[in-house]
Amino acid sequence: MARHSLFGGLLTITAAAAAAAGVCYLFKEEIRGTETYKNLNEKYDVDTKIKKASEKARDTAYDLKDKAKVAAKDIKTKADEWKASKESAFEDDEIITDEDFSEDRDYVSINDAVADTAAEATENAADASADANPDPA
């Protein structure tokens, strides 16, 4: 029983594939003229599909870029309005004391750290919108 090495098998397969590719290259015009090739080319026209997919991806990217600009403007406008109103975001919150505590309600505790985080988030959003959409002056 003869043993074949892995390298010898790979070399044989590679040589056979190269020979088949060479024959196909030599007769490519004849192959393209066959009815089978034309049917397969119509069914699996990869170049057209790639072109359509790249155009769709480009259009989607432009749409997303436009939506991001609009969203940045909206965020900046809302941040400016909120900043100009001089109102506290927590002004209308109900303050619950220990006497008013009820087991039937859900409560959320708000401490200074949460308020500071909210203020930082607002500033970061305003800065990001300014960076994303600088005013041409």
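Tyrosine 25 counts as exposed, because its relative accessibility is 57% and the threshold for that class is over 50%. This residue lies in helix 1, and it offers a convenient point of entry into the structure, which is a predicted model.

From tyrosine 25 the view widens to a patch on the surface. Tyr25 belongs to a nonpolar group that also includes Val23, Leu26, Phe27, Ile31 and Tyr37. Together these residues have about 620 Å² of accessible area. Helix 1, which spans residues 6-26, provides the largest share of the patch, namely three residues.

Another member of the patch, isoleucine 31, is located in helix 2, a segment covering residues 28-32. Isoleucine 31 has a relative accessible area of 34% and is therefore partly exposed, since that class lies between the limits of 20% and 50%. When neighbours within four places in sequence are set aside, the contacts of isoleucine 31 are Cys24 and Tyr37. Of these two, Tyr37 is itself listed in the nonpolar patch.

The overall architecture may now be considered. The protein chain contains five helices and zero strands, so that its pattern, read along the sequence, is α-α-α-α-α. The chain comprises 137 residues, of which 3% are buried. It exposes about 12500 Å², and carbon and sulfur atoms account for 57% of that area.

The confidence of the prediction should be kept in mind when these elements are inspected. The protein chain has a mean pLDDT of 77, with 70% of its residues at 70 or more. Among its elements, the highest mean, 87, is found in helix 1, whereas the lowest, 76, is found in helix 5, residues 112-132.

Attention then turns to helix 4 and its charged side chains. How many salt bridges does a search of the whole structure find? The search finds one. This salt bridge joins aspartate 80 to lysine 76, and the closest N and O atoms are 3.3 Å apart. That distance satisfies the criterion because a salt bridge requires the nitrogen and the carboxyl oxygen to be within 4 Å. Both residues lie in helix 4, which runs over residues 46-85, and they are four residues apart, about one turn of the helix. Aspartate 80 counts as partly exposed because its relative accessibility is 37%. Lysine 76 is also placed in the partly exposed class, because its value is 27%.

Lysine 76 leads onward to a residue in another part of the sequence. Alanine 125 is found in helix 5. Along the chain, alanine 125 and lysine 76 are 49 residues apart, yet their C-alpha atoms are separated by 7.4 Å. Is alanine 125 buried, exposed or partly exposed? With a relative accessible area of 28%, alanine 125 is partly exposed, because residues count as buried when under 20%.

Terms used:
Residues are numbered from 1 along each chain as its sequence is written. This is a predicted model: local features need pLDDT of at least 70, side-chain atom pairs count only at pLDDT 80 or more; totals for chains, interfaces and linings use all residues. Side-chain values use heavy atoms; hydrogens and water are left out. Patches are made of residues with over 30% relative accessible area and no salt bridge: like charges are joined within 9 Å, nonpolar side chains (Val, Leu, Ile, Met, Phe, Trp, Tyr) within 5 Å. Accessible areas come from the Shrake-Rupley method with a 1.4 Å probe; for residues, only the protein chains shown count as cover. Helices (H or I, at least four residues) and strands (E, at least two) are DSSP runs, numbered from the N terminus. Buried means under 20% relative accessible area, exposed over 50%, partly exposed in between (1.4 Å probe, protein chains only). Contact means heavy atoms within 4.5 Å. pLDDT is the predictor's confidence in each residue, from 0 to 100.
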